Amino acid sequence: MNNTSVLQPSFAQEFAQALLLEQVRFTQQQLLNSENNTYIKQFVHQVYQHADSILLKDIIQLQQLQQVVQKYAFELNLGADILEFIGVVAQKIHHYAVHSQTQFKDLLSDESFELWLYKILELEQVRHYIQENLQENPQIQHLSLQLANQILENNTPWLDHLRKINLKQHGLSARVLGFIQDQQQYIELKLEQQLAQVFIKQIGQIILLPNAELADISLHLWSDIKQRTLKETFSQFQSIDFEEFFILVYETWKELRQTEYMQQLILSVVEGFYEYFGEYTLQELLHSVGLNEDDLVSEALRFMPYSLAVLNEQGLLDDIIKSLIAPFYMNKQTHQFIENYLAEKAIK
């Protein structure tokens, strides 16, 4: 009697199905009940060890990296839910700030402020450039005129009263008043223009003050500002102002990222990153950002056990494991292998 005749295809399929279920059970048990999470630790260890022999350039090509950047930096648009979330976060930031007694000196030390200050003061060419362009910049001129107008209106309320006087009769008093009002408007316009020019001139002079004087002025201002609390400062703003600010930043970025200059700049940075780190192993890349195997294990144990437990409670973990390994056990070649292997064993 031929021993191979007792081996029916259904037996191989049933045997493969049994192996599948057993491997799913075993893997699930290892993930959920492994003592001290040794299964997870061993997995991270293997990944970390192999990362020492894999170069960045061997697994990622520059073109692939640039395509990822193009998709997520140049093309990705936030959905309505995320934009709404930004608004909610902005409101929370404002609420936290207006109830905080934290002082600015708690956020920025005197040493850090002075480092930034003296570094900015070293940029003398930039200051000269700004000073030279103040007189020619139409936005600056418009802003200075607005400021001059507000100063005149706030400090000359009697002129505002004179502007609003309206004599309906057509006598001498009306003509005199009309003449005075016309002259007043002319004089005010001239004053605003002169005052605006004084602002611009003074700003230019302040910008070009010697570094020592600018440092003294800045440190004096900082000595006052650093004592102020976030509550004192941010109470001057409404939560909607914060929300609109963050949305405006995003909308500005959406427009800016479509310019050829910005796209080329970002891609050149990506290329520079690839050229610099291309010969690094994945393990060296981790070290360059201050991470080692212990850090990876800690983060894996921080999230994975809880996440796996939730997936198991929802009845999903079993299906996830099965979907990964089932193709092998359901493959006809696997069934044929089982048949051939058992047949050879039966003959022996």
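The exchange below goes through helix packing, one loop residue and the aromatic pairs of a predicted model.

Biologist: What kind of model is this, and how are its residues numbered?

Modeller: This is a predicted model, in which local features need pLDDT of at least 70 and side-chain atom pairs count only at pLDDT 80 or more, while totals for chains, interfaces and linings use all residues. Side-chain values use heavy atoms, with hydrogens and water left out, and residues are numbered along each chain as its sequence is written, from 1.

Biologist: Are helices α5 and α14 parallel, perpendicular, antiparallel or oblique to each other?

Modeller: Helices are DSSP runs (H or I, at least four residues), numbered from the N terminus, and axes are lines fitted to C-alpha atoms over the stretch in contact, with angles from 0 to 180 degrees between N-to-C directions. The axes of α5 (residues 80-98) and α14 (residues 239-256) come within 8 Å and cross at roughly 135 degrees. Angles under 35 degrees count as roughly parallel, over 145 as roughly antiparallel, 65 to 115 as roughly perpendicular and the rest as oblique. The two helices, α5 and α14, are therefore oblique.

Biologist: How do the residues of the contact of α5 with α14 divide into nonpolar, polar and charged?

Modeller: Contact means heavy atoms within 4.5 Å, and by this rule L83, I86, G87, A90, Q91, I93 and H94 in α5 meet S239, F242, E243, F246, I247 and Y250 in α14. Ala, Val, Leu, Ile, Met, Phe, Trp, Tyr, Cys and Pro count as nonpolar, Asp, Glu, Lys and Arg as charged, and the others, Gly among them, as polar. The contact of α5 with α14 thus holds eight nonpolar, four polar and one charged.

Biologist: Which residues of α15 does α4 meet?

Modeller: Helix α4 (residues 62-75) packs on α15 (residues 260-277) at an angle of about 145 degrees, with their axes 10 Å apart. From α4, the residues in contact are L62, L65, Q66, V69, Q70 and F74. Their partners in α15 are Q263, I266, L267, V270, E271, F273 and Y274.

Biologist: Is T229 buried or exposed?

Modeller: T229 has its place in the loop between α12 (211-225) and α13 (230-234), and T229 touches S100, Q101, T102, Q103 and F104, not counting residues up to four places away in sequence. Buried means under 20% relative accessible area, exposed over 50%, and partly exposed in between (1.4 Å probe, protein chains only). With a relative accessible area of 13%, T229 is buried.

Biologist: How many aromatic pairs are there by this rule?

Modeller: Rings of Phe, Tyr and Trp (its six-membered ring) pair if their centres lie within 6.5 Å, and planes under 30 degrees apart count as stacked, over 60 as edge-to-face and the rest as tilted. By this rule the count of aromatic pairs is 12.

Biologist: Is the pair of Y276 and Y280 stacked, edge-to-face or tilted?

Modeller: Y276 counts as exposed at 55% relative accessibility, whereas Y280 counts as partly exposed at 24%. Ring pairs link both residues with F273 and F277 into a cluster. The centres of Y276 and Y280 are 6.1 Å apart with 35 degrees between the planes, and the pair is tilted.

Biologist: Why is the pair of F328 and Y329 put in its class, and what is that class?

Modeller: F328 is exposed, with a relative accessible area of 53%, while Y329 counts as buried at 13%. The ring centres of F328 and Y329 lie 5.0 Å apart and their planes stand at 80 degrees, so the pair is edge-to-face.
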